[in-house]
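Reader: I would like to go through this model with you and hear the reasoning behind the words used for it. Please show me the sequence and the structure before we begin.

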Amino acid sequence: MNTTTTPERPATGPGPAATSVPGLRDGAGLVRIGLHLLLAALPLLAISAHVFGVIKMQYSAGILVIPLATAIVALTVLAPHGGDRVVASGMWWGVVGCAIYDGFRLTTVHVFGWWADFIPTMGTWITGNPDDLTSGAVVGYLWRYIGDGGGIGITFFAVACAVGMQSWSRRAVVGAAVAFSVFPVWAGLIGTVAIAPRGQTMMFPLTWVTLTLSLIGHLIFGFIMGLGFHRSRAVRSAWPWKPITGQFPAITTGRQLALPGPRAPHTPPSGQSMDPDTWELWRQQLEANTRSRRTHSVR
């Protein structure tokens with residue numbers, strides 16, 4: 001007798017394999033994701049705090065950011081968790097997006113001379129030596145790529161998985177990522193420069209040129225980040241909790257297999273174990289082959 005699986009429900013059965021997905025909302029895992037998000041936000045917040053005169057980056061980096069990053073890396077290595085894959089992928093795509101963004105930005109800085117590069121100066125805020133721009137550039141760009149770009153990528157990937165963007169179309173995901181990179185990221189940067197008493201002196205002056213160039217850069221960053229999330233199918237399936245939209249993610253814990261999405265009652269068992277993207281591609285190819293055979297038969 002054939003059995004069917006209710007859509008958007010985890011496959012169940014006798015024995016230890018039959019556990020429920022909501023039980024995967026373990027407190028320790030949620031705390032860990034919270035720590036990742038806190039660390040992801042600190043590099044950008046440290047810049048704003050320095051510009052506003054709240055705390056120097058030399059202190060916030062040494063007291064907050066670096067110790068917390070060390071602790072989280074050690075925790076990830078010693079006690080891996082399903083959400084760590086999403087965090088690592090978000091960081092990677094954030095760095096890639098930042099690098100492509102800088103390909104555009106540095107061209108406008110060093111080729112066209114439309115504005116100055118404040119990243120080396122920002123690096124000296126961390127080193128505490130304003131006269132050594134060489135070391136400031138090294139430290140500043142490490143902070144920019146790993147801290148700022150990686151941190152934004154981590155935040156977006158975590159939020160995207162939490163709201164269920166795993167099932168969205170590529171266009172929708174890219175649009176959401178672009179919107180996220182504009183607000184709050186770009187809006188926060190411009191707000192810091194505009195509102196802080198010495199913002200334009202310490203970072204860059206606000207003109208139509210700098211506003212346009214910085215916005216274009218963030219649009220590029222968001223576009224790459226959105227494509228990265230959509231392409232990271234295996235990593236998206238590692239998100240270990242039910243999205244707040246109510247759709248179950250595709251996860252595997254122990255011997256349990258949770259269905260990635262709705263399946264028709266006639267779906268074969270092999271299809272029920274596929275992630276949504278692989279299933280959809282397989283189904284479209286099967287229909288195309290069927291139409292092709294019917295056409296040849298008619299001829």
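Reader: Why is Phe112 counted as partly exposed?

Author: Please keep in mind that this is a predicted model. Phe112 has a relative accessibility of 48%, and because buried means under 20% and exposed means over 50%, with partly exposed in between, Phe112 counts as partly exposed. The same reasoning applies to Trp114, whose relative accessibility of 47% also makes it partly exposed.

Reader: What makes the aromatic pair of Phe112 and Trp114 stacked?

Author: The ring centres of Phe112 and Trp114 are 4.6 Å apart, with 20° between the planes. Centres within 6.5 Å make a pair and planes under 30 degrees apart count as stacked, and the values for Phe112 and Trp114 meet both conditions. By this rule the count comes to nine aromatic pairs.

Reader: Why is the pair of Phe156 and Phe180 called tilted?

Author: The centres of these two rings lie 5.7 Å apart, which is within the 6.5 Å limit, and the planes stand at 50°, which is neither under 30 degrees nor over 60, so the pair of Phe156 and Phe180 is tilted. This pair links distant parts of the chain, since Phe156 belongs to helix 5 (residues 133-163) and Phe180 to helix 6 (residues 170-195), 24 residues apart. Both Phe156 and Phe180 are buried, and together with Phe157 and Phe229 they form one aromatic cluster.

Reader: How do you know that the charged end of Arg236 sits over the ring of Phe229?

Author: The charged end of Arg236 is 5.8 Å from the centre of the Phe229 ring, and the distance limit for such an arrangement is 6 Å. Another case is Arg144, which lies over the face of Tyr101 at 4.9 Å from the ring centre.

Reader: Where is the kink in helix 3 centred, and how does the helix's reach compare with the expected span?

Author: The kink, of about 25°, is centred on Asp102. Helix 3 (residues 82-111) has 30 residues and reaches 44 Å from its first C-alpha to its last, close to the 44 Å expected at 1.5 Å a residue. Just after helix 3, Gly113 takes a positive phi of about 65°.

Reader: What makes Gln166 buried, and which backbone oxygen lies 3.3 Å from its side chain?

Author: Gln166, whose place is in the loop between helix 5 and helix 6, has a relative accessible area of 16%, and because this is under 20%, Gln166 is buried. A polar atom of the Gln166 side chain lies 3.3 Å from the backbone oxygen of Cys161, and this is within the 3.5 Å limit for a polar contact.

Reader: Why is Cys161 called buried, and how many disulfides are counted?

Author: The relative accessible area of Cys161 is 0%, which is under 20%, so Cys161 is buried. Cys98, at 4% relative accessibility, counts as buried for the same reason. A disulfide requires two cysteine sulfur atoms within 2.5 Å, and by this rule the count comes to zero disulfides.

Reader: Why does Pro243 count as buried, although it is found in a loop?

Author: Pro243 is found in the loop between helix 9 (233-236) and strand 1 (252-253), but the term rests on relative accessible area, which for Pro243 is 4%, so under the 20% limit Pro243 is buried. The C-alpha atoms of Pro243 and Ala160 are separated by 9.1 Å, with their positions 83 residues apart along the chain.

Note on methods. Residues are numbered from 1 along each chain as its sequence is written. This is a predicted model: local features need pLDDT of at least 70, side-chain atom pairs count only at pLDDT 80 or more; totals for chains, interfaces and linings use all residues. Side-chain values use heavy atoms; hydrogens and water are left out. Helices (H or I, at least four residues) and strands (E, at least two) are DSSP runs, numbered from the N terminus. The expected span of a helix is 1.5 Å times one less than its number of residues. The bend at a residue is the angle between axes fitted to the seven residues ending there and the seven starting there. Rings of Phe, Tyr and Trp (its six-membered ring) pair if their centres lie within 6.5 Å; planes under 30 degrees apart count as stacked, over 60 as edge-to-face and the rest as tilted. Buried means under 20% relative accessible area, exposed over 50%, partly exposed in between (1.4 Å probe, protein chains only). A charge sits over a ring if NZ of Lys or CZ of Arg is within 6 Å of the ring centre and within 35 degrees of the ring normal. A polar contact is a pair of N or O atoms within 3.5 Å; within protein, one must be able to donate a hydrogen and the other to accept it, and residues adjacent in sequence count only if both atoms are side-chain atoms.
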